[in-house]
Amino acid sequence: MKIAVIGTGNVGKSLGGSLVRAGHDVTFAAQDAEKTREVAAELGASAADTPAEAATAADVVVLAVPYVAAEDVTSGLADSTAGKIVIDATNPLKADFSGLATEGGGSGAETFARLLPQAHLAKAFNTIFAAVQADPDTHGTTVDALYATDDEHTADVVAELAASIGFRPVRVGPLSAARELEIMAWLNMRMQMLMGGDWRTSFVLVGAPGAATEG
Ligand SMILES: NC(=O)c1ccc[n+]([C@@H]2O[C@H](COP(=O)([O-])OP(=O)(O)OC[C@H]3O[C@@H](n4cnc5c(N)ncnc54)[C@H](OP(=O)(O)O)[C@@H]3O)[C@@H](O)[C@H]2O)c1
């Protein structure tokens, strides 16, 4: 699959690297074009000068940027993502990491859906720490890629992508379920911050219904 990964940080590199290893055609874009070229070369991917350039050539666009950059990064993506699948892997953290910026309601994913109204939005990979995105076999067991979307075709594609890199895809509901996925990710992060963990804790839903895991 042709995938644009916007962001070359922890998530961009980890998830993007796993997608490359699974045989996908990955193009990176971020703000720093020089760093983007270095990351792409290191991982065997391509580099674009802008997110819009990367998205134009892609079937699927993965957003791996800080949530505070949502408006900036989407401002140039409306045309290039129209009719395409956009996977929001972000977590809408407050700048001081004290909680979620969406506490009053809604989710970051729904914000992206409003900013990119012609794209097919999915929330995915936000509950998986970068270290596990880079190495889905970390725990010696299959970790769940929990995802949410309103669109059936988007669900099939996200499930296919997640499975291709070694996760069990689990559809948790419509895009509004991104609220809970973001809260789950925050729960995991806060526990790591409080307990001094290794940032590899992962979710596995025991007994997930077949309809959620069959794509
Ligand atoms: N770290 C994790 O374990 C983890 C796991 C799941 C989800 N998340 C979420 O995933 C997102 C990324 O996390 P991260 O740890 O990868 O962050 P990070 O290491 O700080 O990387 C952020 C990336 O976003 C790019 N970026 C920032 N503003 C941009 C803009 N306006 N346009 C284009 N690119 C822009 C940066 O590009 P430049 O370097 O070129 O400025 C950088 O490559 C966050 O929302 C985070 O909450 C993180």
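Strands β5 (residues 85–88) and β6 (residues 120–124) pair in the parallel sense over four bridges. Here, two strands count as paired if DSSP finds at least two bridges between them. Helices (H or I, at least four residues) and strands (E, at least two) are DSSP runs, numbered from the N terminus. This is a predicted model, in which local features need pLDDT of at least 70 and side-chain atom pairs count only at pLDDT 80 or more, while totals for chains, interfaces and linings use all residues. Residues are numbered from 1 along each chain as its sequence is written.

**Around β5**

Within the β5–β6 pairing, D88 has K123 of β6 as its bridge partner. The two strands join with helix α5 (residues 108–115) in a right-handed β-α-β unit. Right-handed means that, with the strands pointing away from the viewer, the path from the first strand over the helix to the second runs clockwise.

Strand β4 (residues 60–63) also pairs with β5, again in the parallel sense and over four bridges. V60 stands opposite I85 of β5. From β4 the chain passes through helix α4 (residues 70–75) to β5, and this β-α-β crossover is right-handed.

Both faces of β5 are covered, with I85 and I87 buried on one side and V86 and D88 buried on the other. A residue is buried if 20 or more other C-beta atoms lie within 10 Å of its own, exposed if 12 or fewer, and partly exposed in between, with C-beta atoms placed from the backbone.

**The whole sheet**

Strands of a sheet pair through backbone hydrogen bonds, either parallel or antiparallel. In this protein, eight strands make an open sheet with mixed pairing, in the order β3-β2-β1-β4-β5-β6-β7-β8. β3 (46–47) and β8 (168–173) are at the edges with a single partner strand each, so one side of each has no neighbour in the sheet. The pairings discussed here are set out below.

| Strand pair | Sense | Bridges | Opposite residues |
|---|---|---|---|
| β4 and β5 | parallel | four bridges | V60 and I85 |
| β5 and β6 | parallel | four bridges | D88 and K123 |
| β6 and β7 (residues 144–149) | antiparallel | three bridges | A122 and T149 |

**Around the ligand**

Of the 26 residues around the ligand, G9, N10, A30, D32 and T90 come nearest; a residue is near if its C-beta atom, placed from the backbone, lies within 6 Å. The elements that give two or more residues to this shell are α1 (10–21) and α4. The most come from α1, with three residues.

**Helix α9 and the overall fold**

T213 is found in helix α9 (residues 210–213). This residue counts as partly exposed because it has 15 C-beta neighbours inside 10 Å. Leaving aside neighbours within four places in sequence, T213 is in contact (C-beta atoms, placed from the backbone, within 7 Å) with R168, P169, V170 and A208. Its C-alpha atom is separated by 8.4 Å from that of A159, 54 residues apart along the chain.

Altogether, the protein has nine helices and eight strands. Buried residues make up 48% of its 215 residues. Of the contacts with a separation of 6 or more, 70% are between residues 24 or more positions apart. The C-alpha atoms fill a box of roughly 40 × 35 × 35 Å, taken along the principal axes.

Notes: Two residues are in contact if their C-beta atoms, placed from the backbone, lie within 7 Å.
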